[in-house]
Amino acid sequence: MTNLRVLSIVLAMVSTSLNSLAQPRPIEIHDRIARNEGPNNRIALTLDACSGQFDEHLISFLVRNRIPATLFVTRKWLDRNPHGLAILKANLDLFDIEDHGENHIPAVVGAGRKVYGIPGEPDMLHLRKEVLEGARAIEIATGVPPHWYRGATGEYDQNAADEIRRMHYKIAGFSVNADAGATLSRAAVQDRLRRVKGGDVILAHMNRPASGTAQGMSAGLIELLRRGLVFVRLDQVDLIETESPPR
Ligand SMILES: [Zn+2]
């Protein structure tokens, strides 16, 4: 191999690593419920309302069965779903409504940054606006200010996560991805819920009524109740970050 060839390989390696320095990989945050003295049978159901519609079947099922849940909603979703909002407001004893941003922009910052093809924020000022305007819309709609944040896609640049925490929002990760963005069949959702154990934070969606989520969740959540698991909301517990990959 000529010296020139070696040099060009080294330069290519340096430029690849510089690129990855300039473009850090976003992190997906995984959480479980922090242990307390009692039995470890508590689980948290979290449902995202990104944009899109209102999954009335899913929410009615939770109301009928008195299953508490934490709902991460965007301003965009609130604006488009007044009927859904009215139902949530009639059941604030059951539902904790938290911040999923203003316009469902992922918490990655810098020109050209994307998660799953969705563009992130150009700078920190826009990230702050996404978080604060989402929170403001929830407070206006429900009278209760949110304390938890979950960014669009659930992935974050480290500096974006740090900024959100400096703004005094806790970031909500998850440990069981129940519906893969409302893309799974009823059977697949039910199957994923069978993996749930005490301490888990379940993630699913409440904005795609045509998906298999409501049917799969209804069947799967009943099984969890039968197994003696107890649903809690994020305004009742704290979460701890875990290294384990989600189930
Ligand atoms: Zn979302």
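Asp48 is found in strand S3, which spans residues 42-49, in a model that is predicted. Its relative accessibility is 4%, so Asp48 counts as buried; the cut-off for that word is under 20%. The side chain of Asp48 makes a polar contact of 2.7 Å with the side chain of Arg150. Leaving out residues up to four places away in sequence, Asp48 touches Phe72, His100, Arg150, Leu203, Ala204, His205, Met206 and Asn207.

Thr46 lies in strand S3. With a relative accessibility of 0%, Thr46 counts as buried because the limit is 20%. Its side chain takes part in a polar contact of 3.0 Å with the side chain of Arg150. Arg150 is thus a partner of Thr46 at 3.0 Å and of Asp48 at 2.7 Å. The side chain of Thr46 also reaches a backbone atom, the oxygen of Ile202, at 2.7 Å. When neighbours within four places in sequence are set aside, the residues in contact with Thr46 are Thr70, Phe72, Arg150, Val201, Ile202, Leu203, Ala204 and Leu234. Phe72, Leu203 and Ala204 are among the residues that Thr46 contacts, and Asp48 touches them as well.

One of the residues touched by Asp48 is His100, and His100 leads to the metal site. Which protein atoms are the donors of the zinc ion? They are SG of Cys50, NE2 of His100 and NE2 of His104, at 2.1 to 2.2 Å from the ion. Along the chain, these donors follow the spacing C-x49-H-x3-H. His100 and His104 are both buried.

Another residue touched by Asp48, His205, leads to the largest pocket. This pocket has a volume of about 420 Å³. It is lined by 22 residues, and those closest to its centre are Tyr116, Thr153, Ala180, Gly181 and His205. By class, the lining of the largest pocket divides into 7 nonpolar, 11 polar and 4 charged residues.

Enclosed space is a separate matter. Rolling a probe the size of a water molecule over the atoms shows where empty space remains. How many cavities of 30 Å³ or more does a search of the whole structure find? The search finds 1. The largest cavity holds about 40 Å³ of space. Its lining is made up of Ile33, Ala34, Arg35, Asn36, Gly38, Pro39, Asn40, Arg42 and Gly199. Sorted by class, that lining has 3 nonpolar, 4 polar and 2 charged residues. Arg42, one of the lining residues, is within the 42-49 range of strand S3.

The lining of the cavity also includes Ile33, and strand S2 covers residues 31-33. The loop between strand S1 (27-28) and strand S2 contains His30. Is His30 buried or exposed? Its relative accessibility is 12%, so His30 counts as buried. The side chains of His30 and Glu28 are joined by a polar contact of 2.7 Å.

His30 also has partners far along the chain. Its C-alpha atom is separated by 9.5 Å from that of Leu239, although the two residues are 209 residues apart along the chain. Not counting residues up to four places away in sequence, His30 touches Phe174, Ile240, Glu241, Thr242, Ser244, Pro245 and Pro246.

Methods:
Residues are numbered from 1 along each chain as its sequence is written. This is a predicted model: local features need pLDDT of at least 70, side-chain atom pairs count only at pLDDT 80 or more; totals for chains, interfaces and linings use all residues. Side-chain values use heavy atoms; hydrogens and water are left out. Donors are N, O and S atoms within 2.8 Å of the metal (3.2 Å for Na, K and Ca); water is not among the atoms, so sites may look incomplete. Buried means under 20% relative accessible area, exposed over 50%, partly exposed in between (1.4 Å probe, protein chains only). On a 1 Å grid over the protein atoms alone, a cavity is a set of points where a 1.4 Å probe fits but cannot get out, and a pocket is an open set with protein on both sides within 12 Å along at least five of seven lines; lining residues have an atom within 4 Å of a point. Grid points are joined across faces, edges and corners, and a volume is the space filled by probe spheres set on the points. Ala, Val, Leu, Ile, Met, Phe, Trp, Tyr, Cys and Pro count as nonpolar, Asp, Glu, Lys and Arg as charged, and the others, Gly among them, as polar. Helices (H or I, at least four residues) and strands (E, at least two) are DSSP runs, numbered from the N terminus. Contact means heavy atoms within 4.5 Å. A polar contact is a pair of N or O atoms within 3.5 Å; within protein, one must be able to donate a hydrogen and the other to accept it, and residues adjacent in sequence count only if both atoms are side-chain atoms.
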